[in-house]
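User: Please go through this model with me and give the grounds for each term that is applied to it.
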Amino acid sequence: MRLAVIEEGAKKSNVLWLGLPSGLRLAWHVWHDGAVYVVTGGGEQSLPGLTEVAAGRGEVEVVLRSKDNGAELVRFPAVAEVVDQAAAPEAVAALAKERLNARDAAGLTTRWAEGSTVVRLVPRA
């Protein structure tokens, strides 16, 4: 039941809040294959501390809010893991598709591979 609420909330809104060592941060994301994906660094959104947490497969708190009224829908812990972008092209493509106003849409995934970190956030039930 809870995973269904998380999935529905993540699919309906393109932003969420992450509880990071640097504090609560707003991030855009995509829901793909049972997890939330975000990208940080390399000219993308700044999510200080997320890469380090993900490198150790640590946890972050995720908050999803209603797109309609901004009320909190669900708050949950998620295991963060760095994504091998070459090994997960479908996830990276799904994330790139949701990237609005990219300055270099044609070379976006190449730029990410060179200087950004894609992180997968797996909800803990």
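User: What makes E1 and E5 a pair of strands, and in which sense do they run?

Analyst: The model is a predicted one. Strands E1 and E5 are joined by three bridges and run antiparallel. Two strands count as paired if at least two bridges are found between them, so the three bridges between E1 and E5 satisfy the criterion. Within this pairing, Leu18 has Val62 of E5 as its bridge partner.

User: What pairs with E1 through six bridges, and why is that a pairing?

Analyst: E2 does, again in the antiparallel sense. Because at least two bridges are required, the six between E1 and E2 make these strands a pair. The bridge partner of Leu18 in E2 is Arg25. The two strands form a hairpin, with two residues between them.

User: Which residues of E1 make up the covered face, and which the uncovered one?

Analyst: Leu16, Leu18 and Leu20 form the covered face of strand E1 (residues 15-20), while Val15, Trp17 and Gly19 form the uncovered face. This fits a general rule: in a regular strand, side chains alternate between the two faces of the sheet.

User: In what order do the strands of the sheet lie, and what makes a strand an edge strand?

Analyst: Seven strands form an open sheet in the order E2-E1-E5-E6-E7-E4-E3, with antiparallel pairing. Strand E2 (23-28) and strand E3 (30-32) are the edge strands, as each pairs on one side only. From one strand to the next, the twist averages 35°.

User: How many bridges join E5 to E6, and how many join E6 to E7?

Analyst: Strand E5 (residues 59-65) pairs with E6 over seven bridges, in the antiparallel sense; Val63 has Arg75 of E6 as its partner. Five bridges join strand E6 (residues 72-82) to E7, also antiparallel, and there Ala78 is partnered by Pro123 of E7.

User: Why is E7 described as largely enclosed?

Analyst: Strand E7 (residues 117-123) has seven residues and six of them are buried, so the strand is largely enclosed by the rest of the structure. In addition to its pairing with E6, E7 is joined by five bridges to strand E4 (residues 35-40), and these two run antiparallel. Thr40 has Thr117 of E7 as its bridge partner.

User: Which helix lies across several strands, and at what angle to E6 does it run?

Analyst: Helix H1 (residues 2-12) lies across E3, E4, E5, E6 and E7, and runs at about 90° to E6.

User: Which residues of H3 are buried, and what covers them?

Analyst: In helix H3 (residues 89-97), the buried residues are Ala91, Val92, Ala94, Leu95 and Ala96. Their cover includes E2, E3, E4, helix H4 (108-115) and E7.

User: Why is Ala54 called buried?

Analyst: Its relative accessibility is 3%, and a residue is buried when the value is under 20%; Ala54 therefore counts as buried. The residue is found in helix H2. Leaving aside residues up to four places away in sequence, Ala54 touches Ala80, Glu81, Val82 and Val119.

User: Why are Asp33 and Arg57 called exposed?

Analyst: The cut-off for an exposed residue is over 50%. Asp33 has a relative accessibility of 61% and therefore counts as exposed; for Arg57 the value is 52%, so Arg57 also counts as exposed. Asp33 lies in the loop between E3 and E4, and Arg57 in the loop between helix H2 (50-55) and E5.

User: What is notable about phi of Asp33 and of Arg57?

Analyst: Phi of Asp33 is near 50°, a positive value in a residue other than glycine. Phi of Arg57 is near 55°, likewise positive in a residue other than glycine.

User: How much space lies in the largest pocket, and what makes up its lining?

Analyst: The largest pocket holds about 170 Å³ of space. Its lining residues divide into two nonpolar, three polar and five charged. Among them are Glu8, Lys12, Arg65, Lys67 and Asp68. H1 gives the most to this lining, with four residues.

Key
Residues are numbered from 1 along each chain as its sequence is written. This is a predicted model: local features need pLDDT of at least 70, side-chain atom pairs count only at pLDDT 80 or more; totals for chains, interfaces and linings use all residues. Side-chain values use heavy atoms; hydrogens and water are left out. Buried means under 20% relative accessible area, exposed over 50%, partly exposed in between (1.4 Å probe, protein chains only). Axes are lines fitted to C-alpha atoms, for helices over the stretch in contact, and angles run from 0 to 180 degrees between N-to-C directions. Contact means heavy atoms within 4.5 Å. On a 1 Å grid over the protein atoms alone, a cavity is a set of points where a 1.4 Å probe fits but cannot get out, and a pocket is an open set with protein on both sides within 12 Å along at least five of seven lines; lining residues have an atom within 4 Å of a point. Grid points are joined across faces, edges and corners, and a volume is the space filled by probe spheres set on the points. Ala, Val, Leu, Ile, Met, Phe, Trp, Tyr, Cys and Pro count as nonpolar, Asp, Glu, Lys and Arg as charged, and the others, Gly among them, as polar.
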